[in-house]
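Welcome! Let us take a walk through this structure together, one feature at a time.

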Amino acid sequence: MPDSDINSYPEKYWHCLVKLIDSSNYSVVNDLSFIELQQQIVDPWLKSRPFTISGKIVRSSNYVEEIKITHTPEIKQLFADHYNNDERRAKGESLLILNVEIFPLLKGEDYTYELLFSGKAEPTLKLDVDLVEQLCKRIAKVAGVLSRRTRINKKSYLIEDEYDVQDLLQAILRAYLKYSVQEDPLQKIAGTRSSRADISIEELGIIIELKYVRSPDDQKKIFDDFSKDLLLYSVWKPLETLFFVIYNSSDLRDPESLEKLSGIKEINNKRFNTVIILA
C-alpha cells in the first residue's frame, strides 16, 4: 500500500471480526493501529496468505464465512461506555452491553469493502507486477543497445551467459522499483537440485528464473528445468508469480510451445501464476 494511502486512514483504533465456515464462534481483535491492521490482516488477505486473528489461523479467504473491519474514534471500552451512556440518556433506560469486543464492530465505521474488496488498498501492486513483466520482455532490446556502443574507447556490454542477463535485469529492476531485488536461498527439495532463485522480489511475491539458450538442443533441458523449478520454488511462501525468462529463445526449435506452459499452477498446496517470457 502506498504511503499516501496509509496516511489517508486513521492511525488508531481498528477492529476486525472473522467467522470461519463450520465454526460457531467469532474471532475478534480490537484497538489495532492501522499499520498493525495492514500487516496482520489486510495484506495477507489481499495476497491470499494465511493470517492469525485472536489465536485462530485463517488459511484462506475460502474458509471465511464472515469478515468485518471497522474503526472507532477511541479505544473499544471508552467507545462502548460513551455509546452506552448516550443511549441510556436518550431512552431513559438502562442499556447493558454484553460483549465489549464485538460492540465496536457493530457500531464502528465499516471499512470492510474499501480495504478488502474494492481494490483501493493495493492499487500499485498489480501495476508493479505488470511493470516487472514488461521489463523482462524488453531485456533483449536493452542488451542489444548496450552491445552496439559506438563511442570511442567504450566497451560493449556482451551477453554471454545467463549471469550476464541476470545482472542486467537486476540493475534495471532496481532502477524502476522501490522494493528489494535480490537472490533468495531456497531449501532443497527431495529429488531436485539445491538452488538460489535468479531474482526475487518478496514484497511482490515474484521470482524470476532466467535461462540462456545456446543451441536448439536446449529445448528439452529447459522444459525439464521448468518442471523442477516449479517444485523447487513452490516452497517459497511469498510466491505469487513465477516469471520464466528464456533469453535467445529464437534459437530454439519450437519456442512457442514453451509459452503454453504459462498459467496458474498449484503445487504443494501453493497456488501461483507462471508466466513464460520469450526474450
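## A walk from the pocket to the sheets

The largest pocket has a volume of about 1,200 Å³. Please keep in mind as you look around that this is a predicted model. Such spaces can be found by a simple idea: rolling a probe the size of a water molecule over the atoms shows where empty space is left.

Who stands around the largest pocket? Its lining counts 39 residues, and K47, S48, R49, K270 and R271 are the ones that lie nearest the centre. By character, the lining residues split into 17 nonpolar, 9 polar and 13 charged. Several elements contribute at least two residues each to this lining: the helices α2 (34-46) and α6 (123-137), together with the strands β10 (241-247), β11 (263-267) and β12 (270-278).

Let us stay with β10 for a moment. Is this strand mostly covered or mostly open? It is mostly covered, with 7 of its 7 residues buried. In a regular strand the side chains alternate between the two faces of the sheet. Looking at β10 in this way, you find T241, F243, V245 and Y247 on one side, and L242, F244 and I246 on the other, and all of them are buried. Both faces of β10 are therefore covered, where buried means under 20% relative accessible area.

Next, the neighbours of β10. Strands of a sheet pair through backbone hydrogen bonds, either parallel or antiparallel. Strand β9 (residues 206-212) pairs with β10 in the parallel sense, over 7 bridges, and here I206 has T241 as its bridge partner. Between β10 and β12 there are 6 bridges, and these two strands also run parallel; in this pairing T241 stands opposite N273. A helix joins the picture too: β9, helix α9 (residues 218-233) and β10 form a right-handed β-α-β unit.

Elsewhere you can find an open sheet of 4 strands, in the order β2-β1-β5-β6, with antiparallel pairing. The edges of this sheet are β2 (26-32) and β6 (109-110); each has a single partner strand, so one side of each is left without a neighbour in the sheet. For β6, 2 bridges join it to strand β5 (residues 64-71), and the two run antiparallel. There, H71 stands opposite E109 in β6.

One last stop: the cysteines. A disulfide is a covalent bond between the sulfur atoms of two cysteines. How many disulfides does this model have? The count comes to 0. Two cysteines to look for are C16, buried with a relative accessible area of 0%, and C136, also buried at 0%.

Definitions and conventions: Residues are numbered from 1 along each chain as its sequence is written. This is a predicted model: local features need pLDDT of at least 70, side-chain atom pairs count only at pLDDT 80 or more; totals for chains, interfaces and linings use all residues. Side-chain values use heavy atoms; hydrogens and water are left out. On a 1 Å grid over the protein atoms alone, a cavity is a set of points where a 1.4 Å probe fits but cannot get out, and a pocket is an open set with protein on both sides within 12 Å along at least five of seven lines; lining residues have an atom within 4 Å of a point. Grid points are joined across faces, edges and corners, and a volume is the space filled by probe spheres set on the points. Ala, Val, Leu, Ile, Met, Phe, Trp, Tyr, Cys and Pro count as nonpolar, Asp, Glu, Lys and Arg as charged, and the others, Gly among them, as polar. Buried means under 20% relative accessible area, exposed over 50%, partly exposed in between (1.4 Å probe, protein chains only). Two strands pair if DSSP finds at least two bridges between them. A crossover is right-handed if, with the strands pointing away from the viewer, the path from the first strand over the helix to the second runs clockwise. A disulfide is a pair of cysteine sulfur atoms within 2.5 Å.
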